[in-house]
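Trainee: I have the sequence and the coordinates open side by side and would like to talk them through with you. Can we just start somewhere and move around as questions come up?

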Amino acid sequence: MSETSIQEVVKQKYGQAAKQVTEGGTASCGGGADLSCCDPITKNLYDEAEKSGLPADAVAASLGCGNPTALAKLQPGEVVLDLGSGGGIDVLLSAKHVGPTGKAYGLDMTDEMLALARANQKKAGVENVEFLKGAIENIPLPENTVDVIISNCVINLSGDKDRVLGEAFRVLKPGGRFAISDVVVRGEVPAEIRRSMELWVGCIAGALEENEYREKLARAGFESIEIETTRVYKVEEARDFLAAAGLDPEVVGPQIDGKFISAFVRAVKPASTAACCGSGCCG
Ligand SMILES: C[S@@+](CC[C@H](N)C(=O)[O-])C[C@H]1O[C@@H](n2cnc3c(N)ncnc32)[C@H](O)[C@@H]1O
């Protein structure tokens with residue numbers, strides 16, 4: 001499937017998810033409102049203190065698989081960019097960490113999500129936030145302008161991960177941090193899972209294998225690469241998800257048990273990029 005087709009399917013699914021929240025419900029990760037797939041992935045990511053300071057719709061729209069702002073060690077005055085910001089939960093949390101002298105950008109390509117995020121910003125009454133429309137493969141910001149890139153369960157959805165990582169590298173300032181949550185695969189994954197577009201949109205099948213992630217980050221020019229497991233998924237948790245995608249949990253289940261993890265992926269753009277040769281950093 002081409003990158004454009006993937007983006008169209010992803011936009012449609014997350015447009016529906018945003019609509020669910022606008023109509024008073026809770027967003028589901030994809031593949032249909034009745035799919036209970038993502039509960040083990042999206043549940044209990046934020047503590048009560050974090051949630052209580054946010055608009056209810058920002059919490060209801062949460063579709064991440066981690067809590068990158070809790071791990072990214074954001075400092076007052078920093079500029080943060082959230083790739084695939086959805087309903088805006090991590091952007092609003094980042095805005096608190098960086099304070100009035102800092103800024104938190106959210107980037108998303110889905111109009112309904114952007115509308116929801118902007119409404120949440122208004123309800124939260126925060127000014128150091130800006131939601132941008134665009135693709136994470138083509139970030140609409142100049143190079144060397146961002147201190148920290150965060151993202152929550154989005155890079156796995158991209159059909160061109162090298163480009164996303166290259167773009168992240170480009171917009172980060174020298175010494176800037178890449179600090180994201182994502183679903184990551186450990187070892188081989190059966191071909192039928194990779195082929196399933198429903199699973200892809202539901203946050204799993206586009207996930208990178210752990211070592212592949214490290215290689216791609218290094219190729220983009222990053223250093224100090226670390227992948228820290230935050231959750232390990234068991235077959236029991238994926239049973240409904242697999243069945244809804246037309247896969248037999250009894251057959252596929254044992255092949256994926258424990259292979260999908262949520263991880264916190266960290267890396268740093270070198271303070272001096274003169275010597276590196278990753279995408280977009282030579283010269
Ligand atoms: C799984 S949701 C996560 C939303 C948010 N990060 C959170 O934690 O709730 C994925 C979001 O990324 C956006 N997205 C997916 N692929 C994208 C791309 N290639 N460019 C821009 N946004 C994208 C979708 O529109 C959706 O809002």
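Trainee: What comes right after helix 6, and what is the sign of its phi?
Mentor: Helix 6 is followed by Gly99, and the phi of Gly99 is positive, near 70°. Keep in mind that this is a predicted model.

Trainee: And helix 6 itself, how many of its residues are buried?
Mentor: Helix 6 covers residues 89-98, and because eight of those ten residues are buried, the helix is largely enclosed by the rest of the structure. The buried residues of helix 6 are Ile89, Asp90, Val91, Leu92, Leu93, Ser94, Ala95 and Val98.

Trainee: Which residues does Asn120 touch, away from its own stretch of sequence?
Mentor: Leu92 is one of them, and the others are Pro55, Asp57, Ala58 and Gly87, once neighbours within four places in sequence are left aside. Asn120 itself belongs to helix 7, which runs over residues 111-124. Asn120 counts as buried because its relative accessibility is 0%.

Trainee: Back to phi for a moment: which sign do most residues other than glycine have?
Mentor: Most residues other than glycine have a negative phi. Against that background, Lys73 has a positive phi of about 50° although it is not a glycine, and Ser224 likewise has a positive phi of about 50° without being a glycine.

Trainee: Where does Lys73 sit, and is it buried or exposed?
Mentor: Lys73 lies in the loop that runs between helix 5 (68-71) and strand 1 (79-83). With a relative accessible area of 60%, Lys73 is exposed, because the cut-off for that class is over 50%.

Trainee: Where is Ser224 placed?
Mentor: Ser224 is in strand 7, which spans residues 223-232. Its relative accessibility is 48%, so Ser224 counts as partly exposed.

Trainee: Changing topic to the ligand: how many residues surround it, and which are the closest?
Mentor: The ligand is surrounded by 23 residues, of which the closest are Leu63, Gly84, Asp108, Thr110 and Ile136. Among the structural elements, helix 1 (residues 3-22) gives the most to this shell, with three residues.

Trainee: Which polar atoms would I look at if I were checking the pose, say around Thr110?
Mentor: For Thr110, an N or O atom of the side chain is 2.6 Å from an oxygen atom of the ligand. For Gly84, a polar backbone atom is 2.8 Å from a nitrogen atom of the ligand. For Gly64, a backbone N or O atom lies 3.2 Å from an oxygen atom of the ligand.

Trainee: How much of the ligand's accessible area does the protein cover?
Mentor: The protein covers 99% of the 590 Å² of accessible area that the ligand has on its own. The space that the ligand takes up is the largest cavity.

Trainee: Next one on my list is Asn67. Where is it, and is it buried or exposed?
Mentor: Asn67 is in the loop between helix 4 (56-60) and helix 5. Asn67 is buried, because its relative accessible area of 10% falls under the 20% cut-off.

Trainee: What does the side chain of Asn67 reach?
Mentor: The side chain of Asn67 reaches the backbone oxygen of Leu45 at 3.3 Å, and a polar contact of 3.1 Å joins the side chains of Asn67 and Glu50. Leaving aside neighbours within four places in sequence, the contacts of Asn67 are with Leu45, Tyr46, Glu50, Asn152 and Ser181.

Trainee: I also marked Ile261. Which residue lies 78 residues from it along the chain, with what C-alpha separation?
Mentor: That residue is Val183, and the C-alpha atoms of Ile261 and Val183 are separated by 5.7 Å. Ile261 lies in strand 8 (residues 260-268), and at 0% relative accessibility Ile261 counts as buried. Not counting residues up to four places away in sequence, Ile261 touches Val183 and several others, including Asp182, Val184, Arg186 and Thr229.

Trainee: To finish, what share of the contacts across the whole chain comes from residues 24 or more positions apart?
Mentor: Such residues account for 78% of the contacts in the chain with a separation of 6 or more. The chain has 13 helices and eight strands, and buried residues make up 56% of its 283 residues. As for surface, the chain exposes about 11,700 Å², and carbon and sulfur atoms supply 50% of that area.

Notes
Residues numbered from 1 in each chain as written. Predicted model: local features only at pLDDT ≥ 70, side-chain atom pairs only at ≥ 80, totals over all residues. Heavy atoms only, no water. Helix = DSSP H or I, 4+ residues; strand = E, 2+ residues; numbered from the N terminus. Buried < 20%, exposed > 50% of the residue type's maximum accessible area, 1.4 Å probe, protein only. Contact = heavy atoms within 4.5 Å. Near = heavy atom within 4 Å. Polar contact = N/O pair within 3.5 Å; in protein donor to acceptor, adjacent residues only side chain to side chain. Areas by Shrake-Rupley, 256 points an atom, 1.4 Å probe, with all protein chains shown as cover. 1 Å grid on protein atoms, 1.4 Å probe; cavity = no way out; pocket = protein on both sides within 12 Å on 5 of 7 lines; lining within 4 Å. Sits in = over half its atoms within 2 Å of the grid points.
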